[in-house]
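Please walk me through this protein model as you would at the bench, feature by feature. I would like to learn how each kind of feature is read before turning to the case at hand.

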Amino acid sequence: MASEYEVRKYIAYWFQLGKKVLIGNGSEALLPKPVIAGDRYSQEFEECWQKIVSPDSGDCYLEGTKETIGELLTPAWEMSPCARCAMPVPLRDSGMPAECCPCNDLAHWPNTEIPQPRSPVSTQLQLSGIRDRLVNISNE
């Protein structure tokens, strides 16, 4: 089952590549800029997410896909890396997979020469982890 965390991450990664989420049965397209602000998702992303999960928004789709975000939040779906580009894609828990990866219409993707989409990173936690490892090494 895809958790809300995994679906948010899926949407955030594809936003970073310029994919939009169509809400209101395609009447409005969302693409927040920026997606990440330091160690968390940006306020713009959070506002988009609230619109996406709002019952008033109707069916919401990631551009180039057929599965609604609401469907992805059910137990029938899980997130796995795309075999072509390693980006997160939805797979049915049982049965046939989604028709295609959202990368199918990105002409220059995958591109290993640019930074890959990512999740927010806590710089403080990362630095603390490095410090702790250095302290452990020096104490040995």
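The dialogue below goes from the overall layout to the sheet, the hairpin, the salt bridges and the surface.

Q: What kind of model is this, and how are its residues numbered?
A: This is a predicted model, in which local features need pLDDT of at least 70 and side-chain atom pairs count only at pLDDT 80 or more, while totals for chains, interfaces and linings use all residues. Residues are numbered from 1 along each chain as its sequence is written, and side-chain values use heavy atoms, with hydrogens and water left out.

Q: How many helices and strands does the protein have?
A: Helices (H or I, at least four residues) and strands (E, at least two) are DSSP runs, numbered from the N terminus. Here there are four helices and seven strands, and from the N terminus on they follow the order α-β-β-β-β-α-β-α-β-β-α. The C-alpha trace spans about 60 × 30 × 30 Å along its principal axes.

Q: In what order do the strands of the open sheet lie?
A: Strands of a sheet pair through backbone hydrogen bonds, either parallel or antiparallel. Two strands are taken to pair if DSSP finds at least two bridges between them. In this model an open sheet of three strands has the order S2-S1-S5, with antiparallel pairing. Strands S2 (28–30) and S5 (61–62) stand at the edges with a single partner strand each, so one side of each has no neighbour in the sheet. Strand S1 (residues 21–23) pairs with S5 over two bridges, and Leu22 stands opposite Tyr61 in S5.

Q: Which helix lies across S1 and S2?
A: Axes are lines fitted to C-alpha atoms, for helices over the stretch in contact (heavy atoms within 4.5 Å), and angles run from 0 to 180 degrees between N-to-C directions. Helix H2 (residues 43–53) lies across both strands and runs at about 140° to S2.

Q: What should I look for in the hairpin of S6 and S7?
A: Begin with the pairing: strand S6 (residues 77–81) and strand S7 (residues 88–92) run antiparallel and are joined by five bridges, with Glu78 opposite Leu91 in S7. Then look at the connection, which has six residues between the strands and in which Ala86 takes a positive phi near 70°.

Q: How many salt bridges does a search of the whole structure find?
A: A salt bridge is a side-chain nitrogen of Lys or Arg within 4 Å of a carboxyl oxygen of Asp or Glu, and the search finds four. One of them joins Glu46 and Arg8 (2.9 Å, N to O), linking helix H2 with helix H1 (residues 4–16) across 38 residues. Another joins Glu28 and Lys51, whose closest N and O atoms are 3.5 Å apart; because Glu28 lies in strand S2 and Lys51 in helix H2, this pair ties together parts 23 residues apart in sequence.

Q: Is Arg8 buried or exposed?
A: Buried means under 20% relative accessible area, exposed over 50%, and partly exposed in between (1.4 Å probe, protein chains only). Arg8 has a relative accessible area of 15% and is therefore buried, whereas its partner Glu46, with 25%, is partly exposed. Ser57, in the loop between H2 and S5, counts as buried at 10%, and its contacts, not counting residues up to four places away in sequence, are Ile23, Gly24, Asn25 and Lys51.
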